[in-house]
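Please read the following explanation with the sequence and the model side by side. It goes from the overall make-up to the interior and then to single residues.

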Amino acid sequence: MFPLQSLRLQSGLLLHQSSTPVVFPNFPSSMASFEPSSFAVTRNRINRPRLRAVLSIEEFPPNALRRKTDPKWRGGFSVGVDLGLARTGLALSKGYAVRPLTVLELRGQKLELRLLDIAEDEEADEFIIGLPKSWDGKETPQSNIVRSIAGRFAVRAAERGWRVYLQDEHGTSTEASDRMIDMGLSKSTRQKKQDAYAAVMVLERYFSSSGESTELVLPKELDLQDKLRKGPPKDVDLYLD
């Protein structure tokens, strides 16, 4: 988790005034009955920073969860991201069909801007970023690096109304290798596409749990949270009656 000044309430809500994005795990569905608009604190007489209660992932549901709760829902697409120190693999889901997309050899701001361009080209509205964990589910030093990158990127994505989630990726590299071997891909092809297929595994794991095992990376700025609630502009081709 990113460090933050917070007060955790018994209801599971979190009040925060951190300067960094924060990650919220999914909470039980019983939280869905709590109205997010009913709990907010604005600036008081001594002009303290405005606070707002942030609900669970229920308030910012990923596409997979939306499809589960509303079979008629027709919305955006998902980009799977397998972050690496030198190479980042991408996969794309349009509906439930997942395919490898590309491997980027970029870092920092160049990588973030390229991810945004790809999402726009593919009409995606969410990113599912693989979170490295150990075999027993514990986080590693690499987990902290990915969380930091995801936090910075979530701010850029929120400007466009796009959400960022973290998904446990333990074992996806092995699964990717096995998948490519089963497909009969050559060794050289497997080496080139390893990271993209690892991103495929991240997306498949995300859909297999209907998005309920993800963590939302939420910018702390209230205006960005509002943009996420509104979402990106609707594609008229998808929402015609």
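Helices and strands are here DSSP runs, numbered from the N terminus: a helix is a run of H or I with at least four residues, and a strand is a run of E with at least two. With that in hand, Glu-123 can be placed in the loop between α2 and β9. The model is a predicted one, and the values below are computed from it.

The protein's secondary structure comes to six helices and 11 strands. Of its 241 residues, 43% are buried. A residue counts as buried when its relative accessible area is under 20% and as exposed when that area is over 50%, with partly exposed in between. Among contacts with a separation of 6 or more, 65% involve residues 24 or more positions apart.

Now to the interior. In soluble globular proteins, nonpolar side chains tend to be buried together. In this model the largest nonpolar core has 25 residues, and those touching the most other members are Phe-127, Ile-129, Phe-153 and Val-164. The elements giving two or more residues to this core are β6 (77-82), β7 (88-94), α2, β9 (124-131), α3 and β10 (163-168). Another core, of 21 residues, lies apart from it, with Tyr-165, Ala-176, Val-200 and Met-201 among its members.

Phe-153 is worth following further. Which residues is Phe-153 in contact with, leaving aside its neighbours within four places in sequence? They are Glu-112, Leu-115, Leu-116, Phe-127, Ile-129 and Val-164.

Next comes empty space. Rolling a probe the size of a water molecule over the atoms shows where such space is left. Searching the whole structure gives one cavity of 30 Å³ or more, and the largest cavity has a volume of about 40 Å³. Its lining is made up of Leu-83, Leu-111, Glu-112, Leu-115, Ile-129, Ile-149 and Phe-153. Two elements, α2 (108-122) and α3 (141-158), give two or more residues to this lining. The largest share, three residues, comes from α2. Sorted by type, the lining residues are six nonpolar, no polar and one charged. Phe-153 thus appears in the lining of the largest cavity and also among the residues that touch the most other members of the largest core.

Helix α3 also holds Ile-145. Is Ile-145 buried or partly exposed? Its relative accessible area is 38%, so Ile-145 is partly exposed. The C-alpha atoms of Ile-145 and Leu-83 are 9.7 Å apart in space, while the two residues are 62 apart in sequence.

Helix α5 (residues 187-208) has a kink of about 60°, centred on Lys-193. Buried residues in α5 include Gln-194, Tyr-197, Val-202 and Phe-207. Val-202 has 0% relative accessibility and therefore counts as buried. Leaving aside neighbours within four places in sequence, Val-202 is in contact with Ile-128, Gly-130, Gln-167, Glu-169 and Thr-172. The C-alpha atoms of Val-202 and Ile-129 are separated by 7.6 Å, although the residues are 73 apart along the chain.

One of those partners, Thr-172, leads to helix α4 (residues 172-182), where Thr-172 is found. Thr-172 counts as buried because its relative accessibility is 1%. Not counting residues up to four places away in sequence, Thr-172 touches Ala-198, Met-201, Val-202 and Arg-205. Asp-178 lies in α4 as well, but Asp-178 is partly exposed, with a relative accessible area of 42%. Between the C-alpha atoms of Asp-178 and Arg-190 there are 10.0 Å, and along the chain the two are 12 residues apart.

The last stop is the backbone. Most residues other than glycine have a negative phi. What is the phi of Glu-123, a residue other than glycine? It is near 60°, a positive value. Glu-123 is partly exposed, since its relative accessible area is 46%. Ser-210, just after α5, also has a positive phi, of about 55°, although it is not a glycine. Ser-210 lies in the loop between α5 and β11 (215-218). With a relative accessibility of 16%, Ser-210 counts as buried.

Conventions
Residues numbered from 1 in each chain as written. Predicted model: local features only at pLDDT ≥ 70, side-chain atom pairs only at ≥ 80, totals over all residues. Heavy atoms only, no water. 1 Å grid on protein atoms, 1.4 Å probe; cavity = no way out; pocket = protein on both sides within 12 Å on 5 of 7 lines; lining within 4 Å. Points joined across faces, edges and corners; volume = space filled by probe spheres on them. Nonpolar A, V, L, I, M, F, W, Y, C, P; charged D, E, K, R; others polar. Core = buried A, V, L, I, M, F, W, Y, C linked by side-chain atoms within 4.5 Å. Buried < 20%, exposed > 50% of the residue type's maximum accessible area, 1.4 Å probe, protein only. Contact = heavy atoms within 4.5 Å. Bend = angle between axes of the 7 residues up to and from the residue.
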